[in-house]
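Grab a coffee and open the viewer. Here are a few exercises on helix packing, burial and rings, each with a worked solution.

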Amino acid sequence: MDIRYLLFLQSLRNASPQWLQVVFYWISEFIHGYLPIGIMAIIYWCLSKRMGTLMLMQASGANFVTQTVKNIACVYRPWVKDPAIIPYEGTLKNATGYSFPSGHSTAAVGFYGLLAKWAKDKKRIWAAVLCIVLMLLTCFSRNWLGAHTPQDAVAAMALALVCLLVFSKLLRWVDAHPEKDVVVAAVAVVLCVAMVIFALFRPYPMDYNEAGELLVDPFDMITDCMTNAALFGGFMIGWCIERRCIGFKVEGSAKDRVLRAVIGLIIVLAVKGLTSVLLKPVLHVYAYKLISYTLVALSVTILAPLAFMAVEKRRKG
């Protein structure tokens, strides 16, 4: 059923104009780019600390869960199941690893879904509708491009919604029990360590194509696990430390907020660039991913707030 559906979409795709393929491709790939992360960070620093916290927690946490499920299920891509499936060429670049569930769909539900909720709370109904449309288009685009089956997208949407519910309730629980933030962060770190150990020692399927190449290289899947574990664990640690030791505020003039965004983005990009230059050449890729992305998460939650708070204090002084 799922293959017939993808073949039907493939026939429509082949008969449609090239510009439509490009539109669906960019809708699909936008959600896995750096811009959504930058938008979430700016919301966290400058507009709504609570919404930014939830968005970053959802993004890192849901991606962490999605990657874990991928490595447990080990479901191959549609074109492996049936060679008649020919995905859109550009999709192959980022459609590596296993197929179930769809990481793009998980990210879309968290990002656009929370933006829609925020817009609705602000009485911006048109913006909320636009975000919902973009969320659904992103999930559908994974089928249209031939990168995922309908089950991959639907399961990812359900997983993302469950994570959103869990993290929303978790933040409300911490509001009622502020001293429990350490417990929450510690549990997250334990889960990340467990994921890393599982990824390293899990026996992966070792199936080869006709050219003698692995259908999915375990090295790539383990690397993805390191990245997602580092981001989630790093964010939860930074979130806890910021709550207890920093406590920055988003209030301020428009000029203050713009300056805050600029400082924050420069710091995050600098940390990412420096770790790439200094650590990548000397560390194993697994260690590099763990350290690099943990530092990126900490730069968002700790280094950037400390920097723009110091700048604002000096300006006021």
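The exercises below are worked on a predicted model.

**Exercise 1.** Work out how helix α9 and helix α10 are oriented where their axes come within 9 Å.

*Solution.* Start by finding the helices: α9 covers residues 181–201 and α10 covers residues 218–246. Next, take the crossing angle, which is roughly 170°. Angles over 145 degrees count as roughly antiparallel, so α9 is roughly antiparallel to α10. Now look at who touches whom. On the α9 side the contact includes V182, A185, V189, C192 and V196, and on the α10 side it includes I222, M226, F232, M236 and W239. Finally, sort the residues of this contact by type: 19 are nonpolar, one is polar and three are charged.

**Exercise 2.** Do the same for helix α1 (residues 2–15) and helix α7 (residues 125–144).

*Solution.* The axes of α1 and α7 come within 9 Å and cross at roughly 90°. Angles from 65 to 115 degrees count as roughly perpendicular, so that is how α1 lies relative to α7. The contact is built from Y5, L6, L9, L12 and R13 of α1, together with F140, N143 and W144 of α7. By type, that gives six nonpolar residues, one polar and one charged.

**Exercise 3.** Decide whether D256 is buried or exposed, and find its contacts beyond neighbours within four places in sequence.

*Solution.* First, place the residue: D256 is in helix α11, residues 254–278. Its relative accessibility is 14%. The cut-off for buried is under 20%, so D256 counts as buried. Then leave aside neighbours within four places in sequence, and D256 is in contact with E312 and R315.

**Exercise 4.** Describe how F248 and F308 pair up, given that the structure holds 14 aromatic pairs.

*Solution.* Begin with the geometry: the ring centres of F248 and F308 are 5.6 Å apart, with 80° between the planes. Planes over 60 degrees apart count as edge-to-face, so this pair is edge-to-face. Now check where the partners sit. F248 is in the loop between α10 and α11, while F308 is in helix α12 (residues 285–316), so to speak a link between distant parts of the chain, 60 residues apart. For burial, F248 has a relative accessible area of 1% and is buried; F308, also at 1%, is buried too. Zoom out, and ring pairs join Y44, W45, F248 and F308 into a cluster. One last look at F308: the charged end of R260 sits over its ring, 5.5 Å from the centre.

Methods:
Residues are numbered from 1 along each chain as its sequence is written. This is a predicted model: local features need pLDDT of at least 70, side-chain atom pairs count only at pLDDT 80 or more; totals for chains, interfaces and linings use all residues. Side-chain values use heavy atoms; hydrogens and water are left out. Axes are lines fitted to C-alpha atoms, for helices over the stretch in contact, and angles run from 0 to 180 degrees between N-to-C directions. Helices (H or I, at least four residues) and strands (E, at least two) are DSSP runs, numbered from the N terminus. Angles under 35 degrees count as roughly parallel, over 145 as roughly antiparallel, 65 to 115 as roughly perpendicular and the rest as oblique. Contact means heavy atoms within 4.5 Å. Ala, Val, Leu, Ile, Met, Phe, Trp, Tyr, Cys and Pro count as nonpolar, Asp, Glu, Lys and Arg as charged, and the others, Gly among them, as polar. Buried means under 20% relative accessible area, exposed over 50%, partly exposed in between (1.4 Å probe, protein chains only). Rings of Phe, Tyr and Trp (its six-membered ring) pair if their centres lie within 6.5 Å; planes under 30 degrees apart count as stacked, over 60 as edge-to-face and the rest as tilted. A charge sits over a ring if NZ of Lys or CZ of Arg is within 6 Å of the ring centre and within 35 degrees of the ring normal.
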